[in-house]
Structures are given as C-alpha cells and as structure tokens.
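Please work through the two exercises below with the sequence and the coordinates at hand, and attempt each task before reading its solution.

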Amino acid sequence: MRRMLLTVMVMGTILAGGWAMAVECRIAPDRVAEVDGKRTFVLGLYETPKSEELCQEIAAAGFNLAFAGESKDTLDLLQRHGLWAWVNTGGRIDFSVEPDAQQAKLKELVATYAAHPALLVWEVPDEALWNVWYGAQQWRMEFEPKQQKELIDALTDAALAESLKADMSKVQELCRDGDYAGAEALADGIWAKLGKPSPQPGNNLSDASVRASVMAKGMLQGYTALRQADAQHPVWMNHAPRNSVPQLAEFNHAADIVGCDIYPVPQSPHQGHSDIAETTVVAVGAYTDRMQAAAPGKPVWMVLQGFGWPDIQPNISEERRKEMRRPTLEETRFMAYDSVVRGARGLLY
C-alpha cells in the first residue's frame with residue numbers, strides 16, 4: 001500500500017475532493033491538440049494571474065491557457081479555475097554548454113512540475129533564435145559605439161581622438177555594406193587603441209549563424225532529454241517575426257509546437273518589428289504561413305497583439321501614446337481569423 005501511494009504521489013497532486021492526474025496533451029494528425037483525448041483549440045494569455053478574481057475573469061472570457069512561471073501556487077490557482085498552464089524551461093533546455101549540469105537542472109524542473117494537473121505544455125526560451133542576432137546587434141550597433149564615443153570624447157590626445165572617430169565612421173560604413181567581420185575587427189581595434197579590453201568579446205554578428213547552429217543542436221539534445229523524461233506534455237517554441245525559413249527550421253526540430261509573435265498595430269514601416277515588407281495586420285497571416293513552412297506537419301500557435309506599445313513603454317509622450325494605440329476590435333478579430341484560416345491551431349495574446 002505504501003509503495004502504491006508513493007507511485008500515485010509521483011503521478012498526481014492531492015486536491016480537495018481526491019487525486020488529480022497529470023494532463024496528457026498529444027498532437028493529432030491534423031495538428032490539433034488533444035488534451036486527455038479531447039480535441040482542443042488553445043486560447044492562451046501571456047498573464048500570470050495572482051488572484052481568484054482574475055482567474056475567474058480569464059476563464060469567463062474563454063481562455064484556457066495562461067503562463068504559470070515556476071510556481072506551484074500559481075499552478076494550483078489556475079487548476080482550481082479549470083485553466084491550464086505553461087512553464088518555461090529557460091536555458092536549461094540548451095545542452096550546448098555544460099550539458100551535464102543543464103541536464104540535471106532540467107531533470108529537477110520536470111520532477112517538480114510535470115505531474116501537476118494544470119501543466120499543459122513546456123515552453124523553451126522565448127525568441128531563442130532571434131536573440132542570438134539581437135544581442136549582437138544591440139551590442140555592436142548601439143551600446144558599443146556609445147561607450148566608445150564617451151571614451152574618445154574624454155581623450156586629451158586630440159590626434160588620437162580624431163583618428164578613432166574616423167575609425168568609428170568606417171565601422172558604420174562597413175556595417176551598412178554588410179561587412180560585419182570587417183566592422184567588428186575595426187571596432188575591436190578601437191578598444192585596443194583606447195587601451196581597454198572589449199567589454200563583450202566575441203559578441204558578433206558575423207558568426208551569429210554559427211552560434212545559432214550550435215544552440216539549435218544543444219536545444220535538440222535538451223528537447224530529447226525532456227521528452228524522454230516527460231512523454232505527456234509537448235514542447236512549444238515561440239519565435240520572433242525574424243530569420244529565414246531554413247534558420248527557423250533548424251531550431252524547430254527541438255519542438256512539437258511552433259509559432260511566432262507579430263504585433264503590427266499601428267502600421268508603421270519604421271517600427272522594425274518584422275522582417276517582411278508587409279506592415280499591416282495582414283502580416284499575421286503571412287507569418288502563420290511562414291511558421292508552417294518552417295515546421296511541416298507541426299501545429300502552429302500564433303502569439304497575437306493584445307496590447308499597445310505604450311503599455312510597455314510608459315515614459316513616452318502623450319501624443320506618441322495616442323499614435324501607438326492598441327488594436328481595435330475589428331483589427332483583433334481580423335488577426336485572429338487570418339491566423340486560423342491559414343492553419344493556426346492555437347492563439348495566445
């Protein structure tokens with residue numbers, strides 16, 4: 001009896017009214033999620049509710065999935081209201097560095113949360129592929145030039161200052177021409193002439209594709225280990241609206257469900273949120289197609305815009321706040337329907 005009780009404790013969670021077993025989520029041949037055998041369209045929310053009242057509101061609005069973080073209390077709260085949750089693995093899914101340590105951390109995560117009846121799906125690090133490029137882009141094109149300029153402006157050697165300013169202009173020119181390796185070598189030379197080590201050595205755009213491939217292989221190893229440890233919950237990967245189909249496809253081997261976030265409201269060619277020329281709400285359908293092309297046969301869950309940019313940029317002017325508005329009901333409805341008719345099997349906001 002004691003052995004049977006221990007087995008049940010591993011498989012489920014004690015709730016008021018009895019034992020609740022872990023949810024089993026499988027993907028049907030038509031890419032629809034089947035939750036404990038029931039076909040389910042996933043409607044999710046990037047929200048971590050902390051109150052009974054908010055959970056009631058979320059459930060009443062028709063959502064069935066929310067972000068739990070690594071919190072059993074939040075999972076319990078969601079479960080009480082009939083809501084499922086996702087838990088993000090963080091970098092533990094990437095075995096490209098210190099694989100033994102990462103595997104131990106991932107094993108602990110699975111042991112802690114896999115049996116909870118609210119868990120529906122694991123998520124890998126958000127926009128993992130794009131962040132390989134984005135981190136290098138931010139450093140080389142924004143932060144590094146700013147830091148170098150401050151140091152050059154403080155020099156008392158006028159001739160050296162002028163020489164380094166000329167080098168900085170050349171770095172910008174090389175970047176515009178797409179010669180990232182040349183630009184990075186010259187920028188590293190500026191640090192040497194300033195007598196300082198580069199604050200972020202090796203954070204380069206020129207080898208981003210190589211570093212991305214290394215990460216993709218590491219994440220596939222982590223995904224394989226996760227699915228061996230937990231066969232009941234699929235793995236979901238959300239991309240930025242960036243990168244090429246081959247690059248996306250390389251990462252998508254490490255997921256059962258894929259998708260991307262695309263926020264096109266208001267329409268602006270200067271917003272810089274997307275790689276494609278289309279800047280209207282129609283971009284959502286175009287990215288649904290792209291995600292399917294990058295993961296044939298796998299379900300696509302699209303992350304749609306439920307906010308206005310001022311909601312995450314509180315210090316902008318009132319005039320700019322009005323311009324960078326939230327989507328209208330009509331725009332929201334179009335983006336949802338455009339995703340679904342293009343084949344999306346889930347939507348999150």
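**Exercise 1.** At what angle do helix 6 and helix 7 pack, and how far apart are their axes?

*Solution.* Bear in mind throughout that this is a predicted model. Begin with the geometry: helix 6, residues 158–176, packs against helix 7, residues 180–194, at an angle of about 160 degrees, and their axes lie 8 Å apart. Because angles over 145 degrees count as roughly antiparallel, helix 6 is roughly antiparallel to helix 7. Next take the handedness, which for the passage of helix 6 over helix 7 is that of a left-handed crossing. Then list the residues in contact, which include Leu160, Leu164, Met168 and Val171 on helix 6, and Ala183, Leu186, Ala187 and Ile190 on helix 7. Sorted by class, this contact comprises twelve nonpolar, one polar and three charged residues.

**Exercise 2.** Determine the strand order of the open sheet of eight strands, and then place helix 4 relative to this sheet.

*Solution.* Reading across the open sheet gives the order 11-10-9-8-7-6-13-12, with parallel pairing. The edges are strand 11 (257–260) and strand 12 (301–303), and since each has a single partner strand, one side of each is left without a neighbour in the sheet. From one strand to the next, the twist averages 25 degrees. Turning to one pair, strand 9 (residues 119–123) and strand 10 (residues 235–239) are joined in the parallel sense over two bridges, and Glu123 has Trp236 of strand 10 as its bridge partner. Finally, helix 4 (residues 99–113) packs on the sheet, where it touches strand 8 (84–88) and strand 9, and its direction makes about 165 degrees with that of strand 9.

Methods. Residues numbered from 1 in each chain as written. Predicted model: local features only at pLDDT ≥ 70, side-chain atom pairs only at ≥ 80, totals over all residues. Heavy atoms only, no water. Axes fitted to C-alpha atoms, helices over the stretch in contact; angles between N-to-C directions. Helix = DSSP H or I, 4+ residues; strand = E, 2+ residues; numbered from the N terminus. Parallel < 35°, antiparallel > 145°, perpendicular 65-115°, else oblique. Left-handed = near helix turned anticlockwise from the far one by under 90°. Contact = heavy atoms within 4.5 Å. Nonpolar A, V, L, I, M, F, W, Y, C, P; charged D, E, K, R; others polar. Pairing = 2+ DSSP bridges.
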